[in-house]
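This report describes one protein chain, going from the overall fold to a few selected positions. Please keep the sequence and the model in view while reading.

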Amino acid sequence: MLKLSYLRHLLLASLLSISCAELVKAEPATKLTVSVNGIRHQKGQICFRVYASERGFPMSNTSEVQSGCTQITGTSVTKVFSGLKPGNYAVAVVDDQNGNHKLDTDFFGIPKEGFGISNNPTVSIQTGTPKFSKSSFVVKKNTT
């Protein structure tokens, strides 16, 4: 009987040490703070999308890791995204003046609202939509 009790304690101690070892391996969550400066009007909101891969970047509203909008109240707005795993990210920003949470374009696909993309890649008819690889940056710790 004493041996069986000893084996139970040994098994329990082993399981606890394995579960604690898994907790140590967990990557810490980081926080990304995105600021938009130089807003020239007080109409609408600034919408942000954070992407962790090329999939859907920068136009899809279904493939982002996190997203959100902030009401414009001055010449700058800031949005904080918490709980991101360390890795590569890119951010797309839209000056959503009519509140529909998307970048409005004309018949030819030319944006009617302001927009921005992390790392400020050149966006033109010749260059087309920027690539994730040109717009991404590394987040290892809390980043602005």
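The sections below cover model confidence, overall composition, one strand and its partners, two individual residues and a surface patch.

## Model and confidence

The structure is a predicted model. Its pLDDT averages 84 over the chain, and 81% of the residues score at least 70. Residues 9-16 have a pLDDT below 50, and in the model this stretch has zero contacts beyond near neighbours in sequence. Residues 18-23 also have a pLDDT below 50, again with zero contacts beyond near neighbours in sequence. Where pLDDT is low, the predicted coordinates should not be read in detail.

## Overall composition

The chain contains two helices and seven strands. Starting at the N terminus, the order of elements is α-β-β-β-β-β-β-α-β. Of the 144 residues, 31% count as buried.

The accessible surface of the chain comes to about 9,800 Å², with carbon and sulfur atoms supplying 57% of it. If contacts are restricted to residues at least 6 apart in sequence, 64% of them join residues at least 24 apart.

## Strand E2 and its partners

Strand E2 spans residues 45-51, and seven of its seven residues are buried. In a regular strand the side chains alternate between the two faces of the sheet. In E2 both faces are covered: one side carries Gln 45, Cys 47, Arg 49 and Tyr 51, the other Ile 46, Phe 48 and Val 50, and all are buried.

E2 is joined by six bridges to strand E3, residues 66-71, and the two run antiparallel. Within E3, Thr 70 is the bridge partner of Ile 46. E2 also pairs with E5, in the antiparallel sense and over seven bridges. Here Phe 48 has Val 93 of E5 as its bridge partner.

## Gln 45

Gln 45 lies in strand E2. Why does Gln 45 count as buried? Its relative accessibility is 12%, and the cut-off for buried is under 20%.

Leaving out residues up to four places away in sequence, Gln 45 touches Cys 69, Thr 70, Gln 71, Ile 72, Val 94, Asp 95, Asp 96, Gly 99 and His 101. One of these residues, Val 94, is 49 residues from Gln 45 along the chain, and their C-alpha atoms are separated by 8.4 Å.

## Asn 88

Asn 88 is located in strand E5. Asn 88 counts as partly exposed because its relative accessibility is 41%, which falls between the 20% and 50% limits.

Apart from neighbours within four places in sequence, Asn 88 is in contact with Tyr 51, Ala 52, Phe 132, Ser 136, Phe 137 and Val 138. Tyr 51 is one of the buried residues of E2. Between Asn 88 and Lys 140, 52 residues apart along the chain, the C-alpha separation is 8.7 Å.

## Nonpolar surface patch

Which residues form a nonpolar patch on the surface? They are Phe 107, Phe 108, Ile 110 and Ile 125, and together they have about 580 Å² of accessible area.

Ile 110 sits in the loop between strand E5 (87-96) and strand E6 (115-117). With a relative accessibility of 42%, Ile 110 counts as partly exposed.

Terms used
Residues are numbered from 1 along each chain as its sequence is written. This is a predicted model: local features need pLDDT of at least 70, side-chain atom pairs count only at pLDDT 80 or more; totals for chains, interfaces and linings use all residues. Side-chain values use heavy atoms; hydrogens and water are left out. pLDDT is the predictor's confidence in each residue, from 0 to 100. Contact means heavy atoms within 4.5 Å. Patches are made of residues with over 30% relative accessible area and no salt bridge: like charges are joined within 9 Å, nonpolar side chains (Val, Leu, Ile, Met, Phe, Trp, Tyr) within 5 Å. Accessible areas come from the Shrake-Rupley method with a 1.4 Å probe; for residues, only the protein chains shown count as cover. A salt bridge is a side-chain nitrogen of Lys or Arg within 4 Å of a carboxyl oxygen of Asp or Glu. Helices (H or I, at least four residues) and strands (E, at least two) are DSSP runs, numbered from the N terminus. Buried means under 20% relative accessible area, exposed over 50%, partly exposed in between (1.4 Å probe, protein chains only). Two strands pair if DSSP finds at least two bridges between them.
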